[in-house]
Amino acid sequence: MAAKKTTVPTSSTFDKELFKRSVLYNVRTLYRKTMEEATPQQIFQAVAYAVKDQIVENWMETQKQYEKKDPKTVYYLSMEFLMGRALGNDLINMQGYQQVKEALEELGVDINMVEDQEPDAALGNGGLGRLAACFLDSLATLGYSAYGCGIRYRYGMFKQKIVDGYQVEVPDNWLVDGNPLELRRPEYAKEVKFGGYVSVHQDETGRSHFRQEGYQSVTAIPYDMPIVGYGNGIVNTLRIWDAQPVECFQLDSFDKGDYHKAVEQENLARNIVEVLYPNDNHYAGKELRLKQQYFFISASVQEAVAKYMRNHSDIRNFHEKVTFQLNDTHPTVAVAELMRILMDEYFLTWDEAWAVTTKTCAYTNHTIMSEALEKWPIELFSRLLPRIYQIVEEINRRFVLEIEAKYPGNQEKVRKMAIIYDGQVKMAHLAIAAGYSVNGVARLHTEILKNQELKDFYEMMPEKFNNKTNGITQRRFLLHGDPLLAEWVTAHVGADWITDLPKIKKLAVYADDAKAQHEFMNIKYQNKVRLAEYIREHNGIEVDPRSIFDVQVKRLHEYKRQLLNILHIMYLYNELKENPEMEFYPRTFIFGAKAAAGYKNAKLTIKLINSVADVINNDDSIHGKIKVVFIENYRVSNAEWIFAAADVSEQISTASKEASGTGNMKFMLNGAVTLGTMDGANVEIVEEVGKENAFIFGLSSDEVINYENNGGYDPMEIFNSDADIRKVLMQLINGTYSQDTELFRDLYNSLLNTLSTSRADTYFILKDFKSYAEAQKRVEEAYKDEKGWAKKAILNIAHSGKFTSDRTIQQYVDEIWHLDKVRLPKKSAAKKQ
């Protein structure tokens, strides 16, 4: 079946000569250099400023249209936005990538070199932050008014270094050269107050007025980053807040010799924005996290209210033009902050303020793990946020009365549902009580929330609960990240998939076409060669692009079961050592993951992966049949290459534990086949592509939940009865992979230790091990059939249409937010640079 050759759409109005002059001008005026003299970083800065000049015109026109049409706006409140590099994505969405590439070539510059000079913005870490970034891309592309609101972290979570196999956290100094694609907006600065006490004053009518006094404060300064919609001229805004001292430097204190006091305010501000997710296994860390959350929420809510009042007169109608989406529990303090502003600054009554707040705030739950549902000690919360605590206390008092009215005499319901209980403020409970919508992020996840974790809330207020299965932006993860495959897809089905991913389903007719299969496998091979070169450069390991690239890249957590993966690799290695002549298709196992700085077992798993890699990669006797690679500092920019090169997508979380996952969707879009449990969005992926085009193993979510609730699983029985598994586990503590036989003892104990108060093998690694090993054998057999494998891969791409963030956002719009689409006048969308 012949494919018609087409190209990705490009802008017909791009002025190449003007762009070249702009770059040359920027190099000269910013650095007093010619192009030949400029460093790669200086050239990147010059190019980025030239691109921003074009973006700003549409950015201004977008805001002008928003002011004119006054659409409802969503404020997407999130602790993290994992944006990746901006320049290439902006050019793709401006439809100017090819023209800029050509213009730079005429200046003697390679666009890939320019893109590589841009650091990934250190504003996020995991799936939560990447989802937020995809959502912003989709909101702009679909033409909806939106702000992302977060923190301008100076060092991100951390930059991961691997030293002697261990994760070492170093600052991610992404702003060292500045960020040319942001705008500082000091005219919208806001004061954020911490601590002190609340005084109460009564006016002549007898109404009480509350005032926070004796507080410390910082100034929140917004920096705006443009979010460019694809091909429509729309430019929305990611607003990230930096903290500055209210009084920069106290000279009188310095002159008196009190040097600490002289910079006290500066230190308070700096600490708030230095890192994402500071270690909170101590009191100071908990306090800093709460400060961070209130800091960006207070600033964002204050500005949202101020922006609304610049064009409207009645704050009581705020919810008609504004909605806040709380991305997990971190932003939940927005509920009380909005109440504070409405009552203390606009003098609404409690009932009036509550009516507005409960029509404004909506909550997305991202986890089934109870430890991720934030709870704050009352002492800390009330001391740091005294007025906010008063408001939360009153919300709780009224909510408990509702519970008691609904369930008279049922104190167990109060215990399970109260916002304040057992000395803790429970943020998820506050979000549910005050939110007009509560959504999960995959169908299975939402059902578990309704039937297990949040069952009591669902029974009391079922109308609030709904599902919005996550999605990803195909513009970042196919059009930009995998240009060879993107061009091939476009040649076969046209370019409509770029903004309407379900159109990619037309690719299915090519799944049995021998020519298409050969072309696809050749593209995959080229992408594997690209990644192999990256691995050789960064890891010093030679990997064979003809081997199976089996990939697990995601945040390191025990429930995601990287440990299962590496234990199975140890098992395969044992098999090869015992049977050197056995039939075995070469495998390259690729990991990428950051572990939270205070998460001991997660960091130990990274060490184990690297220790196993050291042994296997240097064993000449297996002739390179297994290679193990841990990619340092996994992030969006190297993820694009990894997804493009993967053959097998490892999605092996314990069933019922993964809310959704989005890496599974990125792999699918790039033609990798899922090896996974029926967990999170894997369930829906298998529904779309068919079970025959995935490799499913392991316990079901119902089986896991049954074992958790009723017992009946003893990992020691498996240890005693299965010699293969026993050998692998003993290798953790017998010196096979470390001269220190106690190094991996904690991992061994986590799987077997019956003396612990917690259940051994919490995440059913040994229970699922044999099923996983059998699924891996099926992968090997399937891959040997190149045509059959190509068919599976092409069908995965063809059935990925559901998993676009464009679909997810449209569902949020239709079912939760009720936004109005805005289109720019045609002359603006196609304006010349």
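## Close-up views of a predicted model

**Figure 1. Gly 494 comes right after helix α21 and has a positive phi, near 85°.** Welcome to this predicted model; we start where one helix gives way to the chain beyond. Helix α21 spans residues 483-493, and Gly 494 follows.

**Figure 2. Helix α21 is mostly covered, with 8 of its 11 residues buried.** Stepping back along the helix, you will meet the buried residues in this order: Leu 485, Ala 486, Trp 488, Val 489, Thr 490, Ala 491, His 492 and Val 493. What lies over them? The cover for these buried residues includes four other helices: α20 (474-480), α22 (514-539), α26 (663-669) and α33 (786-798).

**Figure 3. Thr 62 sits in helix α2, which runs over residues 40-69.** Is Thr 62 buried or exposed? Its relative accessibility is 0%, so Thr 62 counts as buried. Beyond its neighbours within four places in sequence, Thr 62 touches the run Gly 233, Ile 234, Val 235 and Asn 236, and it is also in contact with Leu 824.

**Figure 4. Cys 134 is a buried cysteine without a disulfide partner.** Which cysteine sulfur is closest to that of Cys 134? The answer is Cys 149, but its sulfur is 18 Å away, and therefore too far for a bond. Cys 134 has a relative accessibility of 1%, so this residue counts as buried.

**Figure 5. Cys 361 also has Cys 149 as the site of its closest cysteine sulfur.** Here the separation is 13 Å, which is too far for a bond. Cys 361 is buried, with a relative accessible area of 0%. For the whole structure, a search finds 0 disulfides.

**Figure 6. The setting for these close-ups is a protein with 35 helices and 23 strands.** Its C-alpha atoms fill a box of roughly 95 × 70 × 60 Å along the principal axes. The radius of gyration is 27 Å, which agrees with the value near 28 Å for a compact globule of 833 residues. Of those residues, 61% are buried. Among contacts with a separation of 6 or more, 77% join residues 24 or more positions apart.

**Figure 7. The accessible surface of the protein comes to about 31800 Å².** Carbon and sulfur atoms contribute 48% of that area. How far apart are the mean positions of the positive and negative charges? For the 101 positive and 115 negative charges, these mean positions are 3 Å apart.

Note on methods:
Residues are numbered from 1 along each chain as its sequence is written. This is a predicted model: local features need pLDDT of at least 70, side-chain atom pairs count only at pLDDT 80 or more; totals for chains, interfaces and linings use all residues. Side-chain values use heavy atoms; hydrogens and water are left out. Helices (H or I, at least four residues) and strands (E, at least two) are DSSP runs, numbered from the N terminus. Buried means under 20% relative accessible area, exposed over 50%, partly exposed in between (1.4 Å probe, protein chains only). Contact means heavy atoms within 4.5 Å. A disulfide is a pair of cysteine sulfur atoms within 2.5 Å. The radius of gyration is taken over C-alpha atoms; the globule rule is 2.2 Å times the number of residues to the power 0.38. Accessible areas come from the Shrake-Rupley method with a 1.4 Å probe; for residues, only the protein chains shown count as cover. Lys and Arg count as positive and Asp and Glu as negative; His and the chain ends are not counted. The place of a charge is taken as NZ of Lys, CZ of Arg, CG of Asp or CD of Glu.
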